[in-house]
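Got your viewer open and a few minutes to spare? Please load the model and follow along, one selection at a time.

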Amino acid sequence: MPSQVSEQPNVYTIDVSGPANDKILDVAAYERYLLDRIKVQGRTGNLSDRVTVTKNGNVLTITIAPGVQFAKRYVKYLTKKFLKKNELRDFLRVVANGKQSYELRYFNIEGQDEEDEEDDE
């Protein structure tokens with residue numbers, strides 16, 4: 001029996017509204033980074049019509065054609081590399097908020113202030 005290939009395209013979304021509204025993250029630069037770095041069949045710049053990256057406000061959508069190997073984890077990997085390159089990795093994290101989506105959130109550092117006050121005593 002031949003293996004079945006999904007006839008529906010995979011769609012991954014990345015919500016960057018939090019950092020983009022605070023003007024910490026440039027959504028256009030992030031979109032350009034993804035277009036430049038996504039590998040298809042082991043080669044960058046090999047997107048053609050199989051992989052598309054579109055921006056709708058502060059949400060990026062990556063659409064993968066059927067039959068193309070592409071993992072959701074790869075999107076997270078590229079996002080973390082982008083954050084590290086722009087020195088934002090210490091402030092933002094990538095969180096899955098659904099089966100096909102990620103969201104960029106700030107680290108919660110409220111508890112750290114309380115610990116610093118306890119150390120002063």
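This tour goes from the whole chain to the sheet, then to its strands, a helix and some side chains.

**The whole chain**

Before you click on anything, keep in mind that this is a predicted model. Show the protein chain as a cartoon and you'll find four helices and seven strands. If you trace them along the sequence, the pattern reads β-α-α-β-β-β-β-α-β-β-α.

Now switch on the surface. The protein chain has about 8,400 Å² of accessible surface, and 44% of that belongs to carbon and sulfur atoms. Of its 121 residues, 31% are buried. One more number for the overall picture: take the contacts between residues at least 6 apart in sequence, and 58% of them join residues at least 24 apart.

**The sheet**

Go back to the cartoon. In what order do the five strands of the open sheet lie? Going across, the order is β4-β5-β1-β7-β6, with mixed pairing. Select 51-56 for β4 and 92-98 for β6, and you have the edge strands, each of which pairs on one side only. Turn the view a little and look at the twist, which averages 20 degrees from one strand to the next.

Keep the sheet on screen and add residues 27-37, which are helix α2. This helix packs on the sheet and touches β1, β4 and β5 (59-64). Its direction makes about 175 degrees with that of β4.

**From β4 to β5**

Next, zoom in on β4 and β5. These two strands run antiparallel and are joined by six bridges. To see one pairing up close, pick T54 and then its bridge partner in β5, T61.

Follow the chain around the hairpin of β4 and β5, where two residues sit between the strands. Click on G57 there: this glycine takes a positive phi near 70 degrees.

**From β1 to β7**

Now select residues 10-15, which make up strand β1. Do β1 and β7 run parallel or antiparallel? They run parallel, and three bridges join them. Two spots are handy for checking the alignment: T13 stands opposite S101 in β7, and I14 stands opposite Y102 in β7.

**From β7 to β6**

Stay with β7, residues 101-106, and bring in its other neighbour, β6. Six bridges join β6 to β7, and here the strands run antiparallel. The hairpin that joins them passes through two residues. For a pairing to look at, select R93, which stands opposite R105 in β7.

**Salt bridges**

How many salt bridges are there to look for? The count comes to two.

You already have R105 selected, so show its side chain along with that of E103: the two meet in a salt bridge, 3.3 Å from N to O. R105 counts as partly exposed because its relative accessibility is 33%.

For the other pair, return to helix α2 and select R32 and D36. Their closest N and O atoms are 3.1 Å apart, and they form a salt bridge. These residues are four apart in helix α2, so about one helical turn separates them. D36 is partly exposed at a relative accessible area of 40%, and R32 is partly exposed too, at 47%.

**A close pair from distant parts of the sequence**

Select residues 17-21 to light up helix α1, and pick out G18 within it. Then add L104. How far apart are G18 and L104 in space, C-alpha to C-alpha? The distance is 7.1 Å, although the two are 86 residues apart in sequence. G18 itself is partly exposed, since its relative accessible area is 30%.

**Last stop: a surface patch**

Finally, bring the surface back and colour I24, F91 and Y106. Together they form a nonpolar patch on the surface, with about 290 Å² of accessible area. Y106 ties this stop to the sheet you looked at earlier, as Y106 is found in strand β7. With 34% relative accessibility, Y106 counts as partly exposed.

Key
Residues numbered from 1 in each chain as written. Predicted model: local features only at pLDDT ≥ 70, side-chain atom pairs only at ≥ 80, totals over all residues. Heavy atoms only, no water. Patch = residues over 30% accessible without salt bridge, like charges linked within 9 Å, V, L, I, M, F, W, Y side chains within 5 Å. Areas by Shrake-Rupley, 256 points an atom, 1.4 Å probe, with all protein chains shown as cover. Salt bridge = Lys/Arg side-chain N within 4 Å of Asp/Glu carboxyl O. Buried < 20%, exposed > 50% of the residue type's maximum accessible area, 1.4 Å probe, protein only. Pairing = 2+ DSSP bridges. Axes fitted to C-alpha atoms, helices over the stretch in contact; angles between N-to-C directions. Contact = heavy atoms within 4.5 Å.
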